[in-house]
Amino acid sequence: MLVGHNNARKTVGVPPLEWDILLTRYARVYSDQRRHDCKLIHSPSEGFGENLFWGQGRHWNATDAVAAWVAEKQWYNYDRNTCPTDKICSHYTQIVWRTTMRVGCAQIICDSGDTFITCEYYPPGNYIGARPY
């Protein structure tokens, strides 16, 4: 998980993230709350940035989740600091947000048999009007 995040960050010249056990615990507790429905609903925390991933079945892993989030880079226009209205770029921009320093993630298998992955980031990113790097 950390390697994928830091490879994306290195590509745009921002410092690497450090793994944080407290963020990991928060991600685990929140993921466990989604175990029964596996819905992509964000946690109530306003103190962290958060990326969520859902994949049908058990064959998904951390590499898949980070790759899906980083793939949003194709839609992000740095010069305009925009993303097309019909696309999502905020998972990517959270990963490469310059001032974010720590990350913690958790993965569970929901009751449905599907995969759910949560990553928490501190300090959070994605401030409206601000560039990620």
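# Exercises on a predicted model

Val-3 has its place in helix H1. Helices (H or I, at least four residues) and strands (E, at least two) are DSSP runs, numbered from the N terminus. This is a predicted model: local features need pLDDT of at least 70, side-chain atom pairs count only at pLDDT 80 or more, and totals for chains, interfaces and linings use all residues. Residues are numbered from 1 along each chain as its sequence is written, and side-chain values use heavy atoms, with hydrogens and water left out.

## Exercise 1. Two surface positions

Task: classify Val-3 and Asp-86 as buried or exposed.

Solution.
- Set the cut-offs. Buried means under 20% relative accessible area, exposed over 50%, partly exposed in between (1.4 Å probe, protein chains only).
- Take Val-3. Its relative accessible area is 60%, so Val-3 is exposed.
- Take Asp-86, in the loop between H3 and H4. Its value is 61%, so Asp-86 is exposed.
- Add the distances. Val-3 and Thr-24 are 21 residues apart along the chain, and their C-alpha atoms are separated by 16 Å. Asp-86 and Gln-107 are also 21 residues apart in sequence, with 28 Å from C-alpha to C-alpha.

## Exercise 2. The faces of H1

Task: find which residues of H1 are buried, and how they are arranged around the axis of the helix.

Solution.
- List the buried residues of H1: His-5, Asn-6, Ala-8, Arg-9 and Val-12.
- Look down the axis of H1. The buried residues fall within an arc of 155°, so they line one face of the helix. The arc is that of the directions from the helix axis to the C-beta atoms.
- Recall the geometry. An α-helix has 3.6 residues a turn, so residues three or four places apart point the same way.
- Check the other side of H1. Val-3, Lys-10 and Thr-11 are exposed there.
- Identify the cover. The buried residues of H1 lie under elements including H3, H4, E3 and E4.
- Close with the residue after the helix. Gly-13 follows H1 and has a positive phi, near 80°.

## Exercise 3. The nonpolar cores

Task: say which residues touch the most other members of the largest nonpolar core, and which elements give two or more residues to this core.

Solution.
- Define the set. A nonpolar core joins buried Ala, Val, Leu, Ile, Met, Phe, Trp, Tyr and Cys residues through side-chain atoms within 4.5 Å.
- Pick the best-connected members. The largest core has 19 residues, and Trp-69, Val-96, Tyr-121 and Tyr-133 touch the most other members.
- Name the elements. Those giving two or more residues are helix H1 (2–12), helix H3 (62–70), helix H4 (90–95), strand E3 (102–109) and strand E4 (115–122).
- Separate the other core. Another core, of 6 residues, lies apart from the largest one; among its members are Leu-52, Ile-108, Cys-110 and Phe-116.
- Follow Val-96. Leaving aside neighbours within four places in sequence, Val-96 is in contact (heavy atoms within 4.5 Å) with Ala-8, Arg-9, Val-12, Val-14, Pro-132 and Tyr-133.

## Exercise 4. The whole chain

Task: what radius of gyration does the protein have, and how does it agree with that of a compact globule?

Solution.
- State the rule. The radius of gyration is taken over C-alpha atoms; the globule rule is 2.2 Å times the number of residues to the power 0.38.
- Compare. For 133 residues, a compact globule would have a value near 14 Å; the protein has 14 Å, which agrees.
- Count elements. The protein has 4 helices and 4 strands, in the pattern α-β-α-β-α-α-β-β.
- Add burial. Buried residues make up 43% of the 133 residues.
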